Amino acid sequence: MAKRIEVSGLNAYYGKTRAIEDISMTIEPRSVTAFIGPSGCGKSTFLRTLNRMHEVIPGARVEGKVLLDDLDLYGPDVDPVAVRRVIGMVFQRPNPFPTMSIYENVVAGLKLNGVRRKAQLDEIVEKSLRGANLWNEVKDRLGRPGAGLSGGQQQRLCIARAIAVEPQVLLMDEPCSALDPISTLAIEDLIASLKDQYTIVIVTHNMQQAARVSDRTAFFNLAGPGKPGRMVEIDETNKIFTNPGEKATEDYITGRFG
Amino acid sequence: MTSETLEQGATRALDGRTRKMSTGRLGDRLFGLSAKGSGILLLVIMAAIAVFLIVKAVPALRADKANFLTSQEWNPDAAQSRFGIAQLTFGTVLSSVLALILATPVAVGIALFIAFYAPRRLADGLGYVVDLLAAVPSIVYGLWGLQFFVPKMNGVATFLHDDFGWIPLFGGDTVGGQCILTASIVLAIMILPIISSITREIFLQVPRANIEAALALGATRWEVIRMAVLPFGRSGMISASMLGLGRALGETIAVALVLGTASGISLHLLKPGGNTFAANIANTFAMAGKIGQSALIASGLVLFVITLLVNMAARAVISRRKEFV
Ligand SMILES: Nc1ncnc2c1ncn2[C@@H]1O[C@H](COP(=O)(O)OP(=O)(O)O)[C@@H](O)[C@H]1O
Ligand SMILES: [Mg+2]
């Protein structure tokens with residue numbers, strides 16, 4: 001189920017301004033790829049082009065190619081809704097549906113796919129919540145509101161919601177930035193255990209986190225003040241943090257940035 | 001539950017502390033006093049109105065030889081004063097509920113269209129028009145209903161009766177344009193803008209994060225609305241409908257103009273005639289005698305109670321799932 005993503009010549013715009021420029025990279029299946037870089041350099045924008053979420057912003061558009069195995073996601077007869085059903089996303093701020101219970105939140109995506117059988121739903125809810133390391137904490141209160149959980153639990157609930165539909169790729173945009181260290185650790189463990197099954201892409205502003213969880217790391221930077229963001233390099237995480245190929249990367253990871 | 005009480009306890013403790021720490025600045029005190037004063041004034045006015053209504057209503061209730069709650073007659077000024085609210089209650093509730101049933105889906109549809117489907121400029125224009133419609137005085141709707149709509153409804157009523165007469169609602173011996181159905185439609189048109197403009201405001205407040213969460217799961221636009229928008233706007237939609245229902249219940253002039261004479265309790269929506277509390281008051285108050293006026297005030301009191309009950313019911317519905325936003 002995990003698939004490879006191949007991006008080539010990708011540009012993304014907000015209205016007339018180009019936010020990212022000419023990005024090409026390959027994201028390997030069953031691995032964790034981390035995006036690092038200063039804020040405002042287009043990491044979130046790029047991530048959102050991978051499941052066609054970028055274009056839901058009025059005036060936003062994308063140029064270039066994103067291949068999921070052999071399928072061009074921006075091909076003329078590809079339905080963005082179908083793309084989002086196979087590429088899951090976890091956002092920076094936990095966003096469980098406030099009107100839904102924990103159970104309903106987990107099955108929200110399944111309902112869209114037409115799964116209605118109670119027994120099957122029950123089974124997937126348990127499996128997804130276990131997968132998200134949340135089952136033990138919530139199994140006695142599945143009917144309670146998802147918004148009543150702590151921030152870290154809410155984020156794991158959002159992960160459970162995303163993996164319940166068994167996506168081929170899981171995109172995470174700074175999933176720990178609003179969380180305390182213990183919740184962060186829980187989510188990092190979770191990412192490590194999910195990578196056997198999924199292709200995972202994680203944006204993080206935390207370089208230790210990138211070093212801990214990822215197999216490969218891409219460094220993004222602005223081409224210059226007022227210019228669009230670009231990808232400087234992508235390589236094995238080890239290599240990026242010990243012996244990066246570019247001066248800009250080295251400056252950034254050693255804190256000599258600017 | 002536990003966390004709630006804890007929170008309440010904490011708030012109370014904090015309250016006590018800030019009160020002790022307060023320097024009692026003059027501005028704070030003045031504002032507190034004026035806020036408290038306004039609240040008390042409002043309660044006093046409400047109580048005064050209620051007392052006034054009750055005092056004025058008592059003579060008629062004493063004189064009534066019929067059962068006030070169950071009688072369908074309305075002859076308070078006869079030598080043997082006989083009157084009751086059965087028909088008025090029936091007419092009022094039926095026409096208002098029907099108006100609500102007709103108006104709410106259309107109003108929500110318009111609000112959804114404006115908030116999520118219409119292109120920006122069309123949405124702005126439409127929203128403006130809907131807000132304007134909410135400000136049209138009801139006499140205008142009443143005159144329009146009587147002059148334009150009733151003649152049209154004559155034909156519609158005959159058609160419905162001939163072809164769908166087997167549905168009890170459209171049955172009956174005589175049909176005509178000046179019927180409860182026409183009144184309900186006019187009421188529905190009157191309350192549609194207010195419901196629509198409030199629901200639109202609520203839809204626009206749905207957090208972007210919730211909409212994006214639904215989109216990222218692969219929801220279509222309609223599925224986003226069902227997943228994130230409608231549940232979020234639920235209590236707001238109920239409040240908006242109740243505001244509309246309140247307006248329909250109390251509407252006087254449009255209903256008085258559209259409906260002709262009173263006719264007993266009947267579920268035949270196309271039967272000419274019908275009556276409501278407000279229309280009855282408007283039609284008969286000027287010519288009523290002493291007991292007649294007092295009887296009308298008594299009926300007004302009942303309308304007040306009905307409106308109150310409707311609002312309480314709406315509140316109960318809203319708070320039932322309070323923990324879910
Ligand atoms: N909704 C938006 N509308 C217009 N510009 C945006 C929007 N979101 C982001 N941008 C701009 O795009 C650039 C990249 O932003 P973003 O992708 O959020 O960066 P990062 O995630 O790396 O911090 C920034 O200059 C930002 O101001
Ligand atoms: Mg970002």
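Me: Helices here are DSSP runs of H or I (at least four residues) and strands are runs of E (at least two), numbered from the N terminus. With that settled, what share of residues 30–55 of chain B is helix?

Reply: Bear in mind that this is a predicted model, where local features need pLDDT of at least 70, side-chain atom pairs count only at pLDDT 80 or more, and totals for chains, interfaces and linings use all residues. Residues are numbered from 1 along each chain as written, chains are lettered from A and ligands numbered from 1 in written order, and side-chain values use heavy atoms, without hydrogens and water. In residues 30–55 of chain B, the end C-alpha atoms sit 37 Å apart and strand is at 0%, while helix is at 100%.

Me: What does UniProt call that stretch?

Reply: The unreviewed entry lists residues 30–55 of chain B along with 97–118, 125–144, 175–195, 252–271 and 291–314. Such positions follow the numbering used here, with shortened feature names, and may be inferred rather than shown by experiment. For 97–118 of chain B, the model gives 95% helix, 0% strand and 30 Å between the end C-alpha atoms. UniProt's name for each listed stretch is "transmembrane region".

Me: And chain A: how far apart are the ends of residues 5–247?

Reply: UniProt, again in an unreviewed entry, lists residues 5–247 of chain A as "domain: ABC transporter". That span is a mix, at 35% helix and 27% strand. Its end C-alpha atoms are separated by 27 Å.

Me: Which element gives the most to the lining of the largest pocket?

Reply: A pocket is an open set of points on a 1 Å grid over the protein atoms alone, with protein on both sides within 12 Å along at least five of seven lines; lining residues have an atom within 4 Å of a point. This one holds about 770 Å³, and among its 27 lining residues, A:Pro58, B:Ala115, B:Phe116, B:Arg208 and B:Arg221 are the closest to its centre. At least two lining residues each come from α2 (80–86) of chain A and from α3 (86–117), α4 (120–134), α6 (180–204), α7 (208–216) and α8 (221–250) of chain B. The top contributor, with five residues, is α4(B).

Me: How many charged residues are in that lining?

Reply: Asp, Glu, Lys and Arg count as charged, Ala, Val, Leu, Ile, Met, Phe, Trp, Tyr, Cys and Pro as nonpolar, and the others, Gly among them, as polar. The lining of the largest pocket has 18 nonpolar and two polar residues, and its charged residues number seven.

Me: Which residues line the second largest cavity?

Reply: A cavity is a set of grid points where a 1.4 Å probe fits but cannot get out, and there are two of 30 Å³ or more. The second largest is about 40 Å³, a volume being the space filled by probe spheres on points joined across faces, edges and corners. Two or more of its lining residues come from each of α6 (151–163) of chain A and α7 of chain B, with α6(A) giving the most at three. Seven nonpolar residues and one charged make up the lining: A:Met89, A:Phe91, A:Cys158, A:Arg161, A:Ala162, B:Ala213, B:Ala216 and B:Leu217.
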